[in-house]
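Q: I am new to this structure and would like a close look at a single part of it, the sheet that opens your description. Please take me through that sheet slowly, and then show me what surrounds it.

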Amino acid sequence: MRVTVTQENLHKALSVVSRVAGSKASLPVLGNILLKTENNRLVLAATNLEIAITQNIGAKVISEGSITIPARLLSDFIANLPKTNIDLRVEGVKLHIEANSYSSVINGLASDEFPSLPAIESLKKLTVDTSDFKRAISQTILCASNDDTRPVLTGVLCHCFEGALYMAATDGYRLAERKVVKTELEIHALVPASTLSEVARVIPEDCDSIEMTFDDDQVLYRIGDIELTSRLIEGKFPDYRQLIPNETEIHANLDRSDFVRITKIASLFAKESGGSVTISADSVKKILSIHSVASQLGENTSEANAEVDQDGTVSLNSRYLIDALGCFSDASIQFGFSGKLAPCVITDNKSNSEYKHIVMPLRS
Amino acid sequence: MVVGDESSVNDLWRTALGEIELSVGQANFAAWFKGTDLIDIQAGVVHIAVSNIFSKSQFEKKFNSLVLETLQKHRSDILSVRYVIKGSKPRKAASDTSPLMDAVRDHNSKKPSESPQRKTVSSGLNHRYTFNNFIVGSSNDLAYAACQAVAVNPGTKYNPLFLYGGVGLGKTHLAQAVGNEVVRKNPSAKVLYINSETFVNEFLDSIRFKKKGFSTKYREVDVLIVDDMQFIAGKEKTQEEFFHTFNALHQSNKQLIITSDKPPKNIPTLTERMRSRFEWGMTIDIQLPDFETRCAILDTKASESGVSVGRETIEYLANNIKTNIRELEGALNQLLAFAEMRNIEPDLQTAAGLLGNSRATRPSHLTPKQVVDRTAKHFQIEVTDIKSPKRDKYIVVPRQIAMYLLRSELHLSFPRIAGELGRKDHTTAIHSVEKIEKAIKLDFIIREQVAEIKEKLYV
């Protein structure tokens with residue numbers, strides 16, 4: 001194999017794929033990046049057997065071929081080169097790299113040791129707007145659990161009902177559901193949260209849309225020149241829609257930045273109690289107040305003006321509340337709850353809300 | 001056709017793995033073959049469970065010939081190897097289209113074709129509704145018995161069978177159970193389940209687009225189940241069409257089952273000839289389930305989902321939701337989903353927390369006064385009359401019903417009941433309650449009236 005590429009392209013592609021290549025993998029070849037020529041382009045690929053990323057870049061292909069090279073060394077070396085053309089030449093299982101006055105030889109492994117990557121053939125394809133999807137990812141993955149003893153909760157459920165694709169995640173204490181895009185397809189896939197955060201990470205700035213393809217065992221995200229394939233999580237996701245209350249008894253509408261501020265202040269006094277703060281709604285004074293107590297430090301009560309329709313009190317973990325409020329960009333939001341034990345619902349106060357965030361109260 | 005028992009199958013895979021380890025090397029073996037299982041061997045096709053799609057792809061593309069050759073060394077009857085992902089069931093690969101595979105597949109698929117699913121897909125029946133999972137209590141035993149009789153001898157015994165009752169009490173379940181039972185007994189029987197709305201829509205379409213075959217579709221079935229008949233009321237042309245369908249089926253001794261939320265005589269705008277025909281066979285109402293039945297329903301539902309729910313919790317749910325089984329099951333589902341998500345026991349406290357939110361609007365406590373007032377209002381008599389010593393018949397019966405309701409709904413003691421209605425002697429109360437209990441079983445009008453008052457009490 002002999003190709004010429006620009007340092008910029010190669011560096012960009014390596015930064016996308018090399019993170020997936022594992023250093024602690026049981027199989028040495030998984031720490032390597034596959035380089036191969038295909039249709040006059042250079043393809044780079046890496047996998048950790050949970051996800052696989054490939055990216056192809058423009059190259060001048062002089063002769064075809066392939067090799068795998070340790071990811072870390074290659075990407076560090078390329079990153080430090082100046083912006084110039086780079087010659088790559090494979091001889092046996094060695095890669096010769098030459099750029100101006102820099103030259104090195106890296107020992108690799110034969111490309112047939114690299115795992116064969118799964119192909120996907122499915123009609124369950126849909127396209128989403130990049131920035132909207134990126135936002136949907138950030139709004140849901142923070143609710144996914146990282147407790148490996150319950151694998152289903154470490155995933156984000158991507159499923160269709162009522163003519164739209166929804167993404168939902170829960171860790172048992174909070175839950176987020178986001179409507180993503182209208183579709184008539186029938187999709188029901190549990191995508192690992194780690195996959196989605198990788199998708200969000202590799203999205204380049206100049207990419208307008210992402211194509212997703214689902215089959216029963218895997219999902220493929222096609223993002224410009226990048227293809228990201230992931231396994232799906234096996235198992236049954238809880239019937240989470242049962243947990244979203246249709247209506248709450250008490251509603252408080254207030255300015256989001258006010259709410260964030262008083263919650264952050266209250267959380268300073270809530271470290272001892274594991275983040276527990278008590279929220280009270282007062283319909284007469286039209287305020288939402290947050291109270292927190294630290295037996296050593298002292299205590300705090302902060303208030304914000306709010307439209308409140310009924311009085312009530314609930315205790316929450318302030319960290320979850322801050323996380324939840326960070327998922328909205330609207331100026332005003334609605335905080336709904338019913339009593340001390342029922343789930344609290346945070347929405348954007350619009351009739352056709354696309355995003356719902358549920359937080360369970362603390363029992364106090 | 002499973003060849004060999006489980007232990008010999010396991011031995012086969014273990015032996016094969018020993019050899020494979022030598023040829024692929026330690027690292028590859030640890031990365032790919034650890035944790036794989038041989039699930040079964042069917043007609044020469046071996047199913048191997050692998051951890052995920054990446055392993056599957058690797059096995060299919062790189063290790064397949066190695067695995068197949070190694071296995072064939074030990075068992076010459078092995079033809080091919082399929083890889084499935086752990087946790088998912090072995091499924092038939094549609095991509096494999098060699099004639100040999102087709103033959104094997106055809107051979108394999110012979111057996112499951114006996115399943116009763118085949119016919120009923122187009123019949124609109126839902127297989128979950130069977131007699132076995134219908135909970136029988138005193139409120140619905142008559143309807144249950146009638147439906148079973150119809151299922152045994154469709155078209156002869158009670159025709160038409162008219163079931164009515166409030167929302168979510170099991171009308172659809174029973175009607176569908178008859179359909180499922182008939183199909184189970186006689187797989188060639190044609191059963192059609194439709195909502196009356198479907199009937200209306202199809203009828204309208206047949207007029208608008210001049211479609212043929214509308215009437216034949218309905219007139220060729222052996223059992224026709226029409227759900228929620230009340231929606232047909234007021235649509236005269238549709239009623240007429242249904243009338244002809246009804247006659248055609250009835251004359252050829254085909255079974256009709258009709259459900260509605262009201263008895264035929266209470267459906268306004270139902271034409272007289274329809275009404276008399278509905279009342280022709282058997283008209284049965286399904287009452288509100290009593291406490292014990294509600295508990296039994298919850299118990300069954302909980303064990304169906306494989307979760308054990310404590311007695312206290314069951315009783316709490318049954319006590320708080322009285323009028324609608326669908327709502328009752330919804331509350332249980334909500335509780336179970338919540339417990340699953342939180343990984344906690346579905347206990348009383350959790351149930352109370354969840355219910356508190358969905359049921360805040362329902363008065364949890366009835367007072368004796370409400371019961372008496374409601375009863376008096378229902379019969380359009382004065383509360384003072386009901387409490388007076390008068391013994392006119394139009395007052396006595398309401399008084400007895402009020403006593404019955406105080407006993408059945410509020411579990412008041414007999415002396416207390418007597419006191420509430422201005423009687424001195426509690427034996428009057430005992431007598432009245434017993435009398436109404438008996439009358440409910442025998443007298444249609446009393447049953448109706450009690451049910452209506454009950455419904456109003458809990459609205």
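A: **The antiparallel sheet of chain A**

In chain A, 12 strands make up an open sheet whose order is β14-β11-β12-β13-β25-β24-β23-β18-β21-β20-β19-β22, and the pairing is antiparallel. The edges are taken by β14 (188-192) and β22 (312-317) of chain A, and each of these has a single partner strand, so one side of each is left without a neighbour in the sheet. From one strand to the next, the twist averages 25°. This description, like everything that follows, concerns a predicted model.

One pairing within the sheet can be followed residue by residue: strand β24 (residues 344-347) of chain A and strand β25 (residues 355-359) of chain A run antiparallel and are joined by four bridges. Here A:C344 stands opposite A:V359, which belongs to β25(A). On the sheet packs helix α3 (residues 130-141) of chain A, which touches β11 (155-161), β12 (164-170), β13 (174-182) and β25 of chain A, and the direction of this helix makes about 160° with that of β13(A). Another helix, α5 (residues 256-268) of chain A, lies across β18 (250-255), β19 (276-282), β20 (287-294), β21 (298-308) and β23 (332-337) of chain A, and runs at about 165° to β21(A).

Elsewhere in chain A, two helices pack on one another: helix α1 (residues 7-17) and helix α2 (residues 71-79) of chain A meet at an angle of about 145°, with their axes 9 Å apart. The crossing of α1(A) and α2(A) is left-handed. On the α1(A) side the residues that meet the partner helix are A:Q7, A:L10, A:H11, A:L14 and A:S15, while on the α2(A) side they are A:L74, A:S75, A:I78 and A:A79. Sorted by class, this contact of α1(A) with α2(A) holds five nonpolar residues, four polar ones and no charged ones.

From here the view can widen to the nonpolar interior. The largest nonpolar core has 191 residues, and those with the most contacts inside it are A:V17, A:I33, A:L44, A:I53, A:V156 and B:L317. The element that gives the most to this core is α14(B), with nine residues. As for A:I33, once its neighbours within four places in sequence are left aside, its contacts are A:V17, A:S18, A:A21, A:L44, A:A45, A:A46, A:T68, A:I69, A:A71 and A:L74. There is also a second, separate core of 20 residues, which includes B:V371, B:A402, B:Y404 and B:I453.

Where the two chains come together, 29 residues of chain B are in contact with 28 residues of chain A. On the side of chain B that touches chain A, at least two residues each are supplied by α2 (26-33), α3 (53-74), α14 (325-342) and α15 (348-358) of chain B. The residues of that side of chain B divide into 11 nonpolar, 12 polar and six charged.

Chain B itself has a secondary structure of 21 helices and eight strands, and 36% of its 459 residues count as buried. For comparison with the sheet of chain A, three strands of chain B form an open sheet in the order β1-β2-β3, in which the pairing is mixed. Its edge strands are β1 (37-42) and β3 (80-85) of chain B, each of which pairs on one side only, and the twist averages 25° from one strand to the next. Between β1(B) and strand β2 (residues 45-50) of chain B, which run antiparallel, there are five bridges, and B:D40 has B:H47 in β2(B) as its bridge partner. Helix α3(B) packs on this sheet, touching β2 and β3 of chain B, with its direction at about 150° to that of β3(B).

A further strand of chain B, β7 (residues 255-260), is mostly covered, since six of its six residues are buried. Its two faces are both covered, with B:Q255, B:I257 and B:T259 buried on one side and B:L256, B:I258 and B:S260 buried on the other. Strand β4 (residues 161-165) of chain B runs parallel to β7(B) and is joined to it by four bridges, with B:Y164 standing opposite B:S260 in β7(B). Strand β6 (residues 223-227) of chain B likewise runs parallel to β7(B), with four bridges between them, and there B:L224 has B:L256 as its bridge partner.

Note on methods
Residues numbered from 1 in each chain as written. Chains lettered and ligands numbered in written order. Predicted model: local features only at pLDDT ≥ 70, side-chain atom pairs only at ≥ 80, totals over all residues. Contact = placed C-beta atoms within 7 Å. Nonpolar A, V, L, I, M, F, W, Y, C, P; charged D, E, K, R; others polar. Core = buried A, V, L, I, M, F, W, Y, C linked by C-beta atoms within 7 Å. Buried ≥ 20, exposed ≤ 12 C-beta atoms within 10 Å, placed from the backbone. Axes fitted to C-alpha atoms, helices over the stretch in contact; angles between N-to-C directions. Left-handed = near helix turned anticlockwise from the far one by under 90°. Pairing = 2+ DSSP bridges.
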